[in-house]
2 protein chains.
Amino acid sequence: MASKWNRRLDFGEGRVDMTHGSGGKAMAQLVDELFVAAFDNPLLAKRNDQAMFDVPAGRMVMTTDGYVVSPLFFPGGDIGSLAVHGTINDVAMAGARPLHLAASFILEEGFPLEALKRIVESMAKAARDAGVAIVTGDTKVVEKGKGDGVFITTTGVGLVPPWVVGPSGERARPGDAVIVSGTIGDHGVAILSSREGLAFETSIESDSAPLHELVARMVEVVPDIHVLRDPTRGGLSATLNEIAQQSGVGMLLDERAIPVRGEVTAACELLGIDPLHLANEGKLIAVCAARNAAKLLETMHADPRGRDAAVIGTITEDPHRFVQIDTVFGGKRILDWLVGEALPRIC
Amino acid sequence: MASKWNRRLDFGEGRVDMTHGSGGKAMAQLVDELFVAAFDNPLLAKRNDQAMFDVPAGRMVMTTDGYVVSPLFFPGGDIGSLAVHGTINDVAMAGARPLHLAASFILEEGFPLEALKRIVESMAKAARDAGVAIVTGDTKVVEKGKGDGVFITTTGVGLVPPWVVGPSGERARPGDAVIVSGTIGDHGVAILSSREGLAFETSIESDSAPLHELVARMVEVVPDIHVLRDPTRGGLSATLNEIAQQSGVGMLLDERAIPVRGEVTAACELLGIDPLHLANEGKLIAVCAARNAAKLLETMHADPRGRDAAVIGTITEDPHRFVQIDTVFGGKRILDWLVGEALPRIC
């Protein structure tokens, strides 16, 4: 059968224009030839304004994240794969199995359709590799100069297996072990290295990756992990400080135990940034009872996403809720989170 | 207890800056003092990166929409209330009861905190009035000139009651009645009238409203409504053409039966626009078996959101899938959807 459109979209030279967001024929064609084709699943192919699917009784989680990363393509990923991994990970941090994703695109007039296609196909691949379908979506277009190429918001739903107690930010207790699943700062350095005006030599790639399979293994051996959190924006320092706030506890970390690649350390020295403030997109922090730490670590080491996992500290009793760190130089310092200094649009 | 922040956010003169999206303290404060305060529910107050809630076994629907309406404030609503109503309506169009919403904000550096607060409070009120909670969210900030004040993506989940057969775009059958729930074009005219350079005299307000209670009544009396759809972007013409495409049918409408306010007709004549192309944000189209039409209409008339409901045509057998319309002048014309001509950023 011939295409129902007069002529196919031009993914070579074509550009996004205002009609692609107007609800008319041009938008329907973009949805058909790009989104429905790439994401390829029966729920989306129905072309309703919502997806319908069966769920069993139980605990559901829902999470949403906007992605505005700049540049759109970076070593180790792009805004499309990031938008899939990031939201899958926020579902997984509740101990849940991701079920479905929704994707909303805000496109800037004039953006090349070829680049949009690469992003959408990367997104589709990331979703397929993770075994999660993008079942519903939306596309809007704003005038040139009112956006920045592509913004993507993904929303995920998932189900918490019955045996999982339910990790949550307020459940850290004095004596608990603090574990990180691998090297810190890779995503942040990969983004910064690809920014204009910040060019420096590095082979570091973003760690952007889905963590739901690692988490599934972890909650299988330790159903009562107290806290799971992925240290994205604001890095390890912001995430640990948030947990300290939510749980009303302090922390004592051992700087030497925190895995950081040599190249990341070098880049951070060059830029005058602490790697603990840098975003990660394929790492998690787990807080669990000390007696479960060895078992959990062993399971993590057996998974490719947790090979470099390490216990980096313990939860302490502290009315000030300070995150303290034993430095490599032997002193102690308070690890504060960023106040004014921002690393904008890292995700 | 004193605030845990050094000083409170300045909702008088303050502006969004890049630190509000950096994952650090400034962002945490914005989330605390604005979003958590306004949306006010225990799931959001937990401050996890996802919300967890119990669901019964059954059919779930999920839908997402980005809102980029310009201007942000318009007669009868603003981007905040619209982002709640629009997504509730997409959940409801599956015959489902909305359960929860997620909200993702993309803010432009320099946007006044006062205006952001008004938008967020309007959103909170719309959600409260509709009995639906905003349980999880995200905030990103882009540099001045890379966004346009505020973009909001809301995602909704809902549950389809067991007795509802399941309306879907491909279920229209020849002989079915086509019903519209009220006057057409109000939202589109309200937006256009508030745009710079398009000032004209009108007292028309946006029809932006949640339709889930109307739908709940409708599926109670007619559990097998074949299609439900809200004619937003692209208006009645795009929505009816989509249904014709999905179901492989034609339609014959009676122009005189389509409810349009006199002021909307007048404004459309002034602007040279067909009201059937204009967006609606508080109206629905229902397609049902002819024998159920009178019963459905009676139920709709009893609800304030369906007071002006009318049968506007019938589904026909047509391999060309044309939507035809008997005009007020006695002739017949094909109602095509918009191709090139766009009414950008209407929602």
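Trainee: How do you know how chain B is related to chain A?

Mentor: In this predicted model, a rotation of 180 degrees with 0.0 Å of shift along its axis places chain B on chain A, and the RMSD is 0.0 Å. The two copies are therefore related as by a two-fold rotation axis. The same surface serves both copies, since 100% of the contact residues of chain B recur in chain A.

Trainee: What makes chain A count as compact as a globular protein of its length?

Mentor: The radius of gyration of chain A is 21 Å, and the globule rule gives 20 Å for 347 residues. The two values are close, so chain A is as compact as a globular protein of that length. Along the principal axes, the C-alpha trace of chain A spans about 70 × 50 × 35 Å. Its secondary structure comes to nine helices and 14 strands.

Trainee: What share of chain A is buried, and how much area does chain A expose?

Mentor: Buried residues are 63% of the 347 in chain A. The exposed area of chain A is about 12,700 Å², with 51% of it supplied by carbon and sulfur atoms. As for contacts in chain A between residues at least 6 apart in sequence, 84% join residues at least 24 apart.

Trainee: Why is strand β5 of chain A called largely enclosed?

Mentor: Strand β5(A) covers residues 97-108, and 10 of its 12 residues are buried, so the rest of the structure largely encloses it.

Trainee: Which strands pair with β5(A), and in which sense, parallel or antiparallel?

Mentor: With β7(A), residues 150-160, the pairing is antiparallel over 10 bridges. There A:Arg97 stands opposite A:Leu159. With β6(A), residues 133-142, β5(A) runs parallel, joined by nine bridges. In that pair A:Ala102 stands opposite A:Thr136.

Trainee: What makes β9 and β14 of chain A edge strands?

Mentor: The open sheet in question has seven strands in the order β9-β11-β8-β12-β10-β13-β14 of chain A, with mixed pairing. Both β9 (227-229) and β14 (332-334) pair on one side only, and they are the edge strands. Neighbouring strands of this sheet are turned by 25 degrees against each other on average, direction ignored.

Trainee: How do you know that β8(A) and β12(A) count as paired?

Mentor: A pair needs at least two bridges. Strand β8 (residues 177-180) and strand β12 (residues 310-316) of chain A have four bridges between them and run antiparallel. One of the partners in β12(A) is A:Gly313, which is bridged to A:Val178.

Trainee: Why is A:Thr299 called buried?

Mentor: The cut-off is under 20% relative accessible area. A:Thr299 has 16% relative accessibility, so it counts as buried. This residue lies in helix α9 (residues 293-301) of chain A. Apart from neighbours within four places in sequence, A:Thr299 has contacts with A:Arg217, A:Met218 and A:Val221. Its C-alpha atom is separated by 9.7 Å from that of A:Ala309, 10 residues apart along the chain.

Trainee: What makes helix α5 of chain B mostly covered?

Mentor: Eight of the eight residues of α5(B), residues 186-193, are buried. Among them are B:Asp186, B:His187 and B:Leu192. The buried residues of this helix pack against β3 (73-74), α3 (79-92) and α8 (262-271) of chain B.

Terms used:
Residues numbered from 1 in each chain as written. Chains lettered and ligands numbered in written order. Predicted model: local features only at pLDDT ≥ 70, side-chain atom pairs only at ≥ 80, totals over all residues. Heavy atoms only, no water. Least-squares fit on C-alpha atoms with pLDDT ≥ 70 in both. Contact = heavy atoms within 4.5 Å. Buried < 20%, exposed > 50% of the residue type's maximum accessible area, 1.4 Å probe, protein only. Helix = DSSP H or I, 4+ residues; strand = E, 2+ residues; numbered from the N terminus. Axes fitted to C-alpha atoms, helices over the stretch in contact; angles between N-to-C directions. Rg over C-alpha atoms; globule rule 2.2 N^0.38 Å. Areas by Shrake-Rupley, 256 points an atom, 1.4 Å probe, with all protein chains shown as cover.
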